[in-house]
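This explanation is intended for a reader who meets the structure for the first time. Please keep the sequence and the three-dimensional view at hand while reading.

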Amino acid sequence: MQNEKAIQLWLLRHGETEWSLSGAHTSRTDISLTERGREQALTIGKHLNGRRFSTVLTSPMQRAQETCRLAGLADYAHVEANLCEWDYGLYEGRTTAEIRRETPGWSVWTGHLPQGETVDEVGMRAQAVIDRCLSVGGTVALFAHAHILRILTAVWLELAPAHGRLFALETGSLSKLGGLDRT
C-alpha cells in the first residue's frame with residue numbers, strides 16, 4: 001500500500017513518585033519525582049542517547065514533564081492534555097487495598113470511580129492521542145502515566161480500553177508500539 005508510512009510510539013512512563021511507590025492512585029494531584037524517579041529519568045535519557053523524534057508529547061503533570069526534561073527532550077516537547085492520567089475522582093490518593101475495605105473486589109478496571117472517569121472515557125482520550133500521532137507519523141515519544149499508557153496500548157491494538165489491564169508499565173520504563181498509518 002503506497003500511502004502507508006511507518007509509525008512508532010515510544011511510551012515513557014514517568015519516574016517514581018512517593019505515591020507510585022505506595023500504590024496510591026495518582027491522577028490530578030501534581031507531585032514530583034523521588035530521587036529514584038529522577039535517576040530513572042536520567043537513565044531513560046542515556047537510553048535515548050540523543051535520539052530525535054518526529055514529535056514529543058508530554059502530560060501536563062510535573063512528574064511526566066520532569067521525566068521528559070531529565071531525559072533531555074523538554075526543548076522539543078509539546079504538552080498534550082489527553083495524556084493526563086485516568087481521573088480517579090474521589091479515589092485519588094487511595095490505594096486499591098484501602099478502597100477494597102469499603103468495596104470488596106473493587107478494581108479500577110471494572111469498578112465505579114465516584115466523580116472520576118470511566119475506562120471508556122480514558123479510551124477516547126487515548127484515541128485522540130493516537131490520532132495526533134498518526135497525523136505526524138514517524139517516531140513519537142509520549143511521556144505520561146501508567147494507566148493512560150496501558151489504555152493507549154489497548155486502543156492501539158484495537159482492543160477495548162479495559163484490556164489495558166493486560167499490560168504492565170513500571171515507573172521509568174520505555175515501551176514501543178509499531179505499525180503502519182493506514183489513513
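The paragraphs below treat the nonpolar cores, two helices, the largest pocket and a few individual residues in turn.

The structure is a predicted model. A suitable place to begin is its interior. The largest nonpolar core has 31 residues, and those with the most contacts inside it are L9, W86, C133, L142, I151 and L152. Four elements give two or more residues to this core: the strands β1 (5-13) and β4 (138-144), and the helices α5 (119-136) and α6 (146-156). The largest share, seven residues, comes from α5. One member of the core, I151, illustrates how distant parts of the chain meet there. Leaving out residues up to four places away in sequence, I151 touches W86, W109, V119, V122, G123, A126, P161 and G164. Apart from the largest core lies another, of 11 residues, and W10, L48, A71 and L73 are among them.

The helix α5 deserves a closer look. It comprises 18 residues, and the distance from its first C-alpha to its last is 26 Å, close to the 26 Å expected at 1.5 Å a residue. Which residues of α5 are buried? They are V119, V122, G123, R125, A126, V129, I130, C133 and L134. Of these, C133 was named above for its contacts within the largest core, and V119, V122, G123 and A126 appeared among the residues touched by I151. Just after α5 comes G137, which takes a positive phi of about 75 degrees.

The helix α6 presents a further case. Why can α6 be described as largely enclosed by the rest of the structure? The reason is that 11 of its 11 residues are buried. The buried residues of α6 include A146, H147, I151, L152 and W156. After α6 comes E158, and its phi is positive, near 65 degrees.

From the interior, attention may turn to open space within the model. The largest pocket holds about 380 Å³ of space. Its lining consists of 19 residues, of which R13, G23, H25, A146 and H147 lie nearest the centre of the pocket. By class, this lining has five nonpolar, 10 polar and four charged residues. The helix α6 gives the largest share of the lining, namely three residues. Thus α6 contributes both to the largest nonpolar core and to the lining of the largest pocket.

One of the residues nearest the centre of the pocket, R13, is found in strand β1. Is R13 to be counted as buried or exposed? Its relative accessibility is 13%, so R13 counts as buried, the limit for that class being under 20%. When its neighbours within four places in sequence are left aside, R13 is in contact with S20, I44, T67, A144, H145, A146, L149, L169, E170, T171, G172 and S173. Between the C-alpha atoms of R13 and G50, which stand 37 residues apart along the chain, the separation is 18 Å.

Two further residues lead to the region of β3 (77-79). The residue Y76 lies in the loop between α3 (62-70) and β3, while H78 belongs to strand β3 itself. At 41% relative accessibility, Y76 counts as partly exposed. The residue H78 is also partly exposed, with a relative accessible area of 41%. Residues up to four places away in sequence being excluded, Y76 touches R52 and V56, and H78 touches T55, V56, L57, T58 and R132. The residue V56 therefore appears in both lists of contacts, for Y76 and for H78. The C-alpha atoms of H78 and V56 are 6.2 Å apart, although 22 residues separate them along the chain. For Y76 and S59, 17 residues apart along the chain, the C-alpha separation is 14 Å.

Finally, two loop residues may be considered for their backbone angles. The residue N49 is situated in the loop between α2 (35-48) and β2 (55-58). Its phi is near 50 degrees, a positive value in a residue other than glycine. With 66% relative accessibility, N49 counts as exposed. The residue Q115 is situated in the loop between α4 (96-102) and α5. Its phi, near 65 degrees, is likewise a positive value in a residue other than glycine. At 66% relative accessibility, Q115 counts as exposed.

Conventions: Residues are numbered from 1 along each chain as its sequence is written. This is a predicted model: local features need pLDDT of at least 70, side-chain atom pairs count only at pLDDT 80 or more; totals for chains, interfaces and linings use all residues. Side-chain values use heavy atoms; hydrogens and water are left out. A nonpolar core is a set of buried Ala, Val, Leu, Ile, Met, Phe, Trp, Tyr and Cys residues joined through side-chain atoms within 4.5 Å. Buried means under 20% relative accessible area, exposed over 50%, partly exposed in between (1.4 Å probe, protein chains only). Contact means heavy atoms within 4.5 Å. The expected span of a helix is 1.5 Å times one less than its number of residues. On a 1 Å grid over the protein atoms alone, a cavity is a set of points where a 1.4 Å probe fits but cannot get out, and a pocket is an open set with protein on both sides within 12 Å along at least five of seven lines; lining residues have an atom within 4 Å of a point. Grid points are joined across faces, edges and corners, and a volume is the space filled by probe spheres set on the points. Ala, Val, Leu, Ile, Met, Phe, Trp, Tyr, Cys and Pro count as nonpolar, Asp, Glu, Lys and Arg as charged, and the others, Gly among them, as polar.
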